[in-house]
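I opened this notebook page to record what I looked up in the model, beginning with the interface and moving on to single residues and domains.

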Amino acid sequence: MKITIGKGSCGIAAGVNEVSRIFAEAGIEATVTGCIGKCYLEPIVNINDDIYVKVDSKGADELVKLIRGEPNQADTYKIPAQDLEILKSQTGIALKNCGLINPESIDEYIEKGGYTPHNMSPEEVIDQIKISGLCGRGGAGFPTWFKWKAARDSAGSEKYIICNADEGDPGAFMDRAILEGDPHAVLEGMMIAAYAIGAGEGIIYVRAEYPLAIKRLEIAIAQAREKKLLGAEKGFDIRIKAGAGAFVCGEETALIASLEGERGMPRLKPPFPAQKGYNDKPSNINNVETFANVPWIIKNGGSAFSAMGTENSKGTKVFALTGKINKGGLVEVPMGGTVKDVIYGAGGGIKDGKKFKAVQMGGPSGGCIPAELENTEIDYESLKATGAIMGSGGMVVMDETTCMVDMARYFLDFTCKESCGKCTHCRVGNRRLLEILERICEGNGKDGDIELLSELSEEIKAGSLCALGQTAPNPVLTTLKYFENEYIDHIVNKKCTAKSCKAFLNYQINMDKCKKCNLCAKKCPVGAITDLKIDSEKCTKCGLCASVCRLSAIDT
Amino acid sequence: MDCNCGQELLKKLEPELKDYNSGKLIPILQKAQEIYGWLPPDILKYISDKTGEKLAKVVGVVTFYTQFRSKPVGKNLILLCQGTACHVNGSADIETAIRNELSVNEGEITADGLFTYNNVACLGCCSLSPVMMIGDKTYGKLTRDSAIKILNEIRGACEDKF
């Protein structure tokens, strides 16, 4: 009997260690696997070919009985047919092994066809990548083969391969899942790239916030060295560098500065890293998901990869579905499906039966796609036409209770904190944008604010050196484009239709619904409720009364 | 400034300082923070002396990256995720609840030294949002009540030790 327990970061946070403990106490041996992408079903346990989901401690007890052949109710934990269907309908390339193999075992990776030797020349490898049409999955979407060829053609014998695992986009976690679930795929991708460009050393720049990913990479590297796939004899080795927390280090030149022990500030390009990168030597930087696609392409041929997708976007893409969605997690789909397919298919629709309003794609650099554009095709070009970007694949779904002005404010708050400070427009301009948005959310918006936001946004885009500054105003511009009415509501009509911005809320008890249980008064942290009346002077608009009321008798 | 830069602890940093090149500055600082829990000024001076890097550069690197702390932290470091998914799912309410419970602002340590409260960018557990991390443990699907309950449990566990 093969028993595996899903131990990605999300599984652990969902309480899978309790399952492990119960199994261990019962003397049951189980192997570990990474995240299968269905985070909403965690903790997940596989027994032979059966999948058991949402396994709490009672579930673990039932599974113990099942394993021992005793009467049990394990069936109630079996994965629902619909979810199994979703799982099976996905196309696994980057995530092919995630949640299926033990990420801490190189033998299981090899058994799945990993580290198969190829007999291509470096040029042929680059050719296959060119045929595949693979583009960078980290955000910019630049053709991978072009970067490889540029690095190969650069003079000099000392070259570097760098894996960008500094996944900083809030709302994206596919890289973490790949590193935790299938680290060898990333190592193999880097080895193939190193062979193609002639690099002697590889560096993985990984976020310090991902301790489990770092641990699994360390194990994987040690195993690959033991098998002589890495090391002096091979002429190529890989080391890990833990990042220290800076979103801007996702930018190539900033990442290199950070590797060199400097403040992670971007510099002008050219020279491109392919000519002058780490230690001033030719370097090639790709994202985790990009590398994870490479072994599959080399094994199956570039044309098998380019057979999937649209004319301009080939292969598959992993999306991280989060926010107000029923089935949050990772999905890998061929390019060319629609936004709607993903949200209502794998995503299972909007939480609590609410109305789909918009989806934020591409993190702080991307934009909001409104519900009326839900039939937009998922490819680099179509998404760009809406004002959003593919980005690293974060999809944060919003419903009618999300205020779009507040979302723009949220993203600007993020970019202001993460701006490295080099360019005036990014450093000061974004701060001014944020101040205007804060003012609007606080009910102090004024005539001319909308025009000012648009004008300043365009100037920031034009006046910033790197992508962080150039794209920082995108959330403002897309929300202005599709949700200008919400801005007008805040500024002119002094209301927030999503009932999210506190300045516009006025908490009152609806006596038609109220059954006088007085729970709200007991819970109010500032004692603002007496005799079933809310004192607006004392009320801090924390919303606790509304959240504790079982009869929805608190109006805003 | 109280700094426990004892010789015993300094010894732990020695191996990191060997064969220095500038690429090692960040790993050295990470190691130092692992040893001391934060980066006291004396340690930055010590690292500057040992590596030959100007103190201004060392401090510049420390202040640039969010991981580095220039103030001591409480026994339990609370990292409340402020990622997009957590924001959409109400992390602001959790923040208010925690700060009221502990009477601290962001980056501050509680009077009893038990907790430091910090906001962080995405922890990558978006499907469990809102999320916080205390020590190496991640807590998901937080509500105001569950967050306070977790703090009280930790407080209780710490008191039991005395």
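The entries below follow the order in which I looked things up.

**Entry 1, the interface.** I kept in mind throughout that this is a predicted model. I began with the contacts between the chains and found 52 residues of chain A in contact with 33 residues of chain B. I then looked up the area, and the two chains bury about 3,200 Å² between them, with 57% of it on carbon and sulfur atoms. On the side of chain A, I noted that Ala244(A), Arg263(A) and Tyr410(A) lose the most area to chain B, and that together they make up 18% of what that side buries.

**Entry 2, polar pairs across the interface.** The rule finds two salt bridges between chain A and chain B. One of them I wrote down in full: Asp93(B) is bridged to Lys502(A), with the closest N and O atoms 3.7 Å apart, which satisfies the criterion because the cut-off is 4 Å. For polar contacts, I recorded 19 residue pairs between the chains, both residues being at pLDDT 80 or more.

**Entry 3, the side of chain A that touches chain B.** I asked which elements of chain A each supply at least two residues to this side, and the list includes the strands β7 (237–242), β9 (316–323) and β13 (394–399), along with helices such as α11 (252–259) and α16 (404–418). The largest share, six residues, comes from α16(A). By residue class, I found that this side divides into 26 nonpolar, 14 polar and twelve charged residues.

**Entry 4, Glu251(A).** I located Glu251(A) in the loop between β7 and α11 of chain A. Is Glu251(A) buried or exposed? Its relative accessible area is 14%, so Glu251(A) counts as buried, the limit being under 20%. Its side chain is joined to that of Thr253(A) by a polar contact of 2.5 Å. With neighbours within four places in sequence left aside, I found Glu251(A) in contact with Pro266(A), Lys269(A) and Cys466(A).

**Entry 5, Met511(A).** This residue sits in the loop between β14 (508–509) and α22 (519–523) of chain A. Met511(A) has 42% relative accessibility and therefore counts as partly exposed. Not counting residues up to four places away in sequence, Met511(A) touches Lys516(A) and Leu532(A). I also looked up the distance to Val526(A), which is 15 residues away in sequence and 21 Å away in space, C-alpha to C-alpha.

**Entry 6, the domains of chain B.** The assignment gives domain 1 (7–64) and domain 2 (76–160), and I noted that their C-alpha centres lie 29 Å apart.

Methods. Residues numbered from 1 in each chain as written. Chains lettered and ligands numbered in written order. Predicted model: local features only at pLDDT ≥ 70, side-chain atom pairs only at ≥ 80, totals over all residues. Heavy atoms only, no water. Contact = heavy atoms within 4.5 Å. Buried area = accessible area lost by both parts, 1.4 Å probe. Salt bridge = Lys/Arg side-chain N within 4 Å of Asp/Glu carboxyl O. Polar contact = N/O pair within 3.5 Å; in protein donor to acceptor, adjacent residues only side chain to side chain. Nonpolar A, V, L, I, M, F, W, Y, C, P; charged D, E, K, R; others polar. Domains from an automatic or database assignment. Buried < 20%, exposed > 50% of the residue type's maximum accessible area, 1.4 Å probe, protein only.
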